[in-house]
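Here's a quick look at how a pair of helices sit together, and then at the cysteines. Have the structure open and follow along.

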Amino acid sequence: MAVSRSSHLDSLLPALSEAYGPPGRETGIRAALKRALKGAGLVREDALGNLHLHIAGKGPRLLLTAHMDAPGLIVTRVDPSGLARVSILGQTSAVDWVGATVTLDGTARGVVGWDRPKDPKETREIEPEALYLETGLRQRQAPKRIEVGTVGALLDRAERLGELWHGGNLDNRAGCAAILAAVRGTRGIRSDLHVVFSAQSDLGARGAATSAFGIDPDVAVVLDVAFVGESRGPGDIALGKGPCLGLKEEGYLPHPAALALVKRAAKAARVPHQWLIRESGGSDARAVRASRSGVPTALVAIPARRPGGPRVLIHASDLEETVKLLRGIVTTPYTGEKGSR
């Protein structure tokens, strides 16, 4: 599948991926998104920290949303030795953090380690409580430089590896980049378009819930990533075979009219797609779907794979095909009715 260069993802994705933005501390990624959104439409920030883009139109209110926060760590105490003990913010496992370089609110850096068993023959799963942050600060310096409650984020910048993008914050900076590439300069938008880069997704879809409530859209499309091994559909998802359309996840089923909109857009844009069926876990789609009296919602997910450690792999063609699909969605008229929920 050929990879297009028309969406400027080669510069956009690295810039978004390296921006500081763990849950509840999204200042850095908001600033990066604001720079990328200049001239695209009316941009505002709400009280929770969500970033809104409005491109006014005469059609139904379409909400296009992706979460901008990435998993983080919060300092719970600083040992006399100078090691900072941490707790995970988000759904990542402890093993994914071991060896990662972390930035702490821009004030210090550290490397994540874990308390190994004293007996080298003993094997056990790494528990979150076993994680610590080695900052290289002296015993007297660490408590002064690193306060309890300091929030850390993965220090990372997405890079190309052949046909793949690899980086630690691609969930969901890849989704944010795809939306930006899709809406900037797109002509023929057939809706009153509301784009939300939501905050605090890793703390329970808080940003998605509040923004959907405030906008009260006629239809919504949630963009996220889906990892190889998650889907229980007819064959697992794979990299390089196009974006996934969500059919089921915990607490969520797509609305028929919203799913029909995405399928029509995919067909018109000739975008190949896969089916995503999650038996547990999920995305912001559940919160958006249940907002107010209910919002017709569809889920689109970019296939991804974890190679081990904090990094994620995404196929470049999947990202480009997702951009094509999103352009098709915003230029395809929505024919469903708000009352059919």
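In this predicted model, helix 1 (residues 9–17) packs against helix 4 (residues 170–183) at an angle of about 140°, and their axes lie 9 Å apart. Angles over 145 degrees would count as roughly antiparallel, so this pair ends up oblique. As for handedness, helix 1 makes a right-handed crossing with helix 4.

Which residues in helix 1 and helix 4 meet? From helix 1 it's Leu9, Leu12, Leu13, Leu16 and Ser17, and from helix 4 it's Leu170, Arg173, Ala174, Cys176, Ala177, Leu180 and Ala181. Sorted by class, that contact between helix 1 and helix 4 has 10 nonpolar residues, one polar and one charged.

Cys176, one of the helix 4 residues in that contact, leads on to the sulfurs. How many disulfides are there? The count is zero. A disulfide needs two cysteine sulfur atoms within 2.5 Å, but the sulfur closest to that of Cys176 belongs to Cys244 and is 18 Å away, so that's too far for a bond. Coming from the other end, Cys244 is in no disulfide either, and its nearest cysteine sulfur is that of Cys176.

Are these cysteines buried or exposed? Here's how they look:

| Cysteine | Nearest cysteine sulfur | Relative accessible area | State |
|---|---|---|---|
| Cys176 | Cys244, 18 Å | 0% | buried |
| Cys244 | Cys176, 18 Å | 0% | buried |

So Cys176 is buried at a relative accessible area of 0%, and Cys244 is buried at 0% as well.

Terms used
Residues numbered from 1 in each chain as written. Predicted model: local features only at pLDDT ≥ 70, side-chain atom pairs only at ≥ 80, totals over all residues. Heavy atoms only, no water. Axes fitted to C-alpha atoms, helices over the stretch in contact; angles between N-to-C directions. Helix = DSSP H or I, 4+ residues; strand = E, 2+ residues; numbered from the N terminus. Parallel < 35°, antiparallel > 145°, perpendicular 65-115°, else oblique. Left-handed = near helix turned anticlockwise from the far one by under 90°. Contact = heavy atoms within 4.5 Å. Nonpolar A, V, L, I, M, F, W, Y, C, P; charged D, E, K, R; others polar. Buried < 20%, exposed > 50% of the residue type's maximum accessible area, 1.4 Å probe, protein only.
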